[in-house]
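Thanks for sending this one over. Here are my notes, set out point by point so that you can follow along with the coordinates open.

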Amino acid sequence: MQTKILLSEDQMPRQWYNIIPDMPGQMFPVIHPGTLQPVIPDDLLPLFPMGLIEQEVSPQRWIDIPEEVLEVYKLWRPSPMYRAHQLEKALGTPAKIYYKYEGVSPAGSHKPNTAVPQAYYNKIFGTKRIASETGAGQLGSSIAMACQHFGLECTVYMVRVSYGQKPYRKSMMQLWGAEVFPSPSEHTNAGRAILAEDPDNQGSLGIAISEAVEDAATHEDTRYSLGSVLNHVCLHQTIIGLEAKQQLKIAGDYPDVVIGCHGGGSNFAGIAFPFVADKANGKDVRVQAVEPASCPTLTKGVYEFDYGDTAKMAPISRMYTLGHDFMPPGIHAGGLRYHGAAPLVSQLVHEGVVETRAVPQIACFEAAVLFARTESIIPAPESSHAIRGAIDEALLAKEEGKEKTILFNLSGHGHVDMAAYDAYFNNELQDYEYPEAAINESLSHLPKVG
């Protein structure tokens with residue numbers, strides 16, 4: 001029985017897939033936070049190089065990957081796909097489970113897929129320094145690594161609760177030359193204002209985004225890097241799903257369901273969008289996003305215009321949101337603690353193309369432990385949500401006595417997240433209730449657009 005399905009370097013996709021031409025329904029404009037008018041490309045120049053702005057709005061279905069980016073990608077791409085024989089056996093399921101493993105990248109997650117091209121386009125634009133935020137540290141370590149490849153300085157604002165929970169992610173960033181601050185910090189007006197109101201604030205991705213955006217917007221030589229949500233980030237990640245389709249073809253298989261964990265939408269878009277294209281062309285495939293029950297953006301949020309950050313400096317997008325000033329509980333899957341969702345993913349959910357599930361923290365760690373004890377890979381806490389979704393699909397197939405092919409994205413390893421597993425084995429984790437009152441309060445502050 002084949003376990004690993006591998007591609008050679010010369011089989012790596014040479015183009016990213018842009019889903020914008022294939023989106024169902026109406027595309028909503030991005031709104032300027034100051035004027036409340038639709039954004040034009042020049043409005044984004046203080047934050048992004050023109051190459052990325054052009055990708056953000058491109059109507060082209062296929063966009064060439066620059067050779068300089070492909071050369072760095074070759075350090076870990078194409079990434080392997082595995083057939084989870086041991087997990088299938090443990091579950092006693094008739095389902096076939098495949099997983100695409102992005103933990104083979106130097107940073108241990110899928111985030112370098114976008115960090116590398118972002119650093120490249122900034123380098124050729126003349127940027128000297130990149131400012132970014134990170135939730136659990138995956139983007140921070142990835143953009144620090146990418147900046148090293150292209151000779152850029154790097155500043156990372158790391159969500160304070162994760163800064164404490166995941167110290168070795170901070171060490172990775174520093175090893176790759178980045179300056180790292182716990183967010184909220186004293187280094188920006190946004191951070192100082194939040195700390196003045198609450199000195200013990202544990203931070204959120206929305207706050208960290210505010211700090212990084214402010215840093216970039218107030219320094220001429222600096223641009224901003226976002227690891228999720230934006231169209232060009234989702235575009236770069238589609239190399240995951242494009243490779244997966246080739247690998248499944250080699251295996252002589254095709255998925256009945258494709259699953260990814262969901263925070264802002266980057267790894268989910270990466271695995272899902274190429275299969276959404278198949279679905280639009282008549283393929284019978286389900287696509288499912290699995291998110292934390294304590295931060296249920298897709299399952300409990302509203303589909304409205306909202307700011308991408310807490311300080312209301314980032315552009316306003318139509319997306320599923322819990323409110324830009326919602327403070328999610330400090331779960332260990334820090335990369336999924338975001339109030340909003342990628343507009344492209346949000347629209348697909350709204351149009352009924354993408355299914356959504358919310359799962360509690362302890363059930364995800366139970367799934368992660370079973371996966372580690374069968375497949376031997378230690379998953380990141382974020383990725384455990386996709387594992388939980390895949391296991392539940394496999395158990396349903398067992399209950400129904402039906403064969404089924406399941407594909408999920410194992411978006412990263414958990415080698416620097418072992419404190420989370422210590423907490424699980426010491427019975428220190430808890431399942432947070434959906435904070436309905438806090439979300440309702442936050443939703444009352446949505447911007448008035450249109």
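**Notes on pockets, burial and contacts**

1. Let me begin with the second largest pocket, whose lining divides into seven nonpolar, five polar and three charged residues. Please keep in mind throughout that this is a predicted model. The volume of this second largest pocket is about 280 Å³. Its lining has 15 residues, and those closest to the centre are Ile194, Glu197, Asn201, Ile207 and Thr310. Which helix gives the largest share of this lining? Helix H8, residues 189-197, does so with four residues.

2. Now for the largest pocket, which holds about 660 Å³ of space. It is lined by 35 residues, with Val30, Glu56, Leu230, Asn231 and Ser317 the closest to its centre. By class, 28 of the lining residues are nonpolar, five are polar and two are charged. If you are setting up a view of this site, the elements to display include helix H1 (50-57), helix H9 (205-217), helix H10 (231-237), strand S13 (316-321) and helix H14 (343-350), each of which supplies at least two lining residues. H1 gives the most, with four residues.

3. Just after H1 comes Ser58, found in the loop between H1 and strand S3 (62-64). Is Ser58 buried or exposed? Its relative accessible area is 7%, and the cut-off for buried is under 20%, so Ser58 counts as buried. Setting aside neighbours within four places in sequence, Ser58 is in contact with Asn18, Ile20 and Ile63. A polar atom of the Ser58 side chain also lies 3.1 Å from the backbone nitrogen of Gln60. Across a sequence separation of 174 residues, Ser58 and His232 have their C-alpha atoms 9.1 Å apart.

4. H14, one of the elements that help to line the largest pocket, is itself mostly covered. Seven of its eight residues are buried, namely Pro343, Leu344, Val345, Ser346, Gln347, Leu348 and Val349. What covers these buried residues? The cover includes H10, helix H12 (266-280), helix H13 (297-300), strand S12 (302-307), S13 and strand S14 (355-359). H10 and S13 are thus worth a second look here, as both also supply residues to the lining of the largest pocket. Following H14 is Gly352, which has a positive phi, near 80 degrees.

5. On cysteines, how many disulfides does a search of the whole structure find? The count is zero. Cys234 is in no disulfide, and the nearest cysteine sulfur, belonging to Cys261, is 13 Å away. Cys234 is buried, with a relative accessible area of 1%. Cys364 is likewise in no disulfide; for Cys364 the nearest cysteine sulfur is again that of Cys261, at 9.3 Å. Cys364 is buried too, with a relative accessible area of 1%.

6. Ser185 is a nice case for anyone checking side-chain polar contacts. It is found in the loop between strand S8 (179-183) and H8. With a relative accessibility of 3%, Ser185 counts as buried. What does the side chain of Ser185 make a polar contact with? The partner is the side chain of Glu211, at 2.7 Å. Beyond the neighbours within four places in sequence, Ser185 is in contact with Tyr157, Arg160, Gly191, Arg192, Leu195 and Glu211.

7. Two alanines round off the list. Ala244 is placed in helix H11, residues 239-251, and is buried with a relative accessible area of 0%. Which residues does Ala244 touch, not counting those up to four places away in sequence? They are Met81, Lys100, Ile271, Phe275 and Leu407. Of these, Met81 is 163 residues from Ala244 in sequence, yet the two are 7.0 Å apart in space, C-alpha to C-alpha.

8. The other alanine, Ala363, is found in helix H15, residues 361-375. Why does Ala363 count as buried? Its relative accessibility is 18%, and buried means under 20%, so Ala363 falls within that class. Ala363 and His385 are 22 residues apart in sequence, with a C-alpha to C-alpha distance of 8.7 Å.

Note on methods. Residues are numbered from 1 along each chain as its sequence is written. This is a predicted model: local features need pLDDT of at least 70, side-chain atom pairs count only at pLDDT 80 or more; totals for chains, interfaces and linings use all residues. Side-chain values use heavy atoms; hydrogens and water are left out. On a 1 Å grid over the protein atoms alone, a cavity is a set of points where a 1.4 Å probe fits but cannot get out, and a pocket is an open set with protein on both sides within 12 Å along at least five of seven lines; lining residues have an atom within 4 Å of a point. Grid points are joined across faces, edges and corners, and a volume is the space filled by probe spheres set on the points. Ala, Val, Leu, Ile, Met, Phe, Trp, Tyr, Cys and Pro count as nonpolar, Asp, Glu, Lys and Arg as charged, and the others, Gly among them, as polar. Buried means under 20% relative accessible area, exposed over 50%, partly exposed in between (1.4 Å probe, protein chains only). Contact means heavy atoms within 4.5 Å. A polar contact is a pair of N or O atoms within 3.5 Å; within protein, one must be able to donate a hydrogen and the other to accept it, and residues adjacent in sequence count only if both atoms are side-chain atoms. A disulfide is a pair of cysteine sulfur atoms within 2.5 Å.
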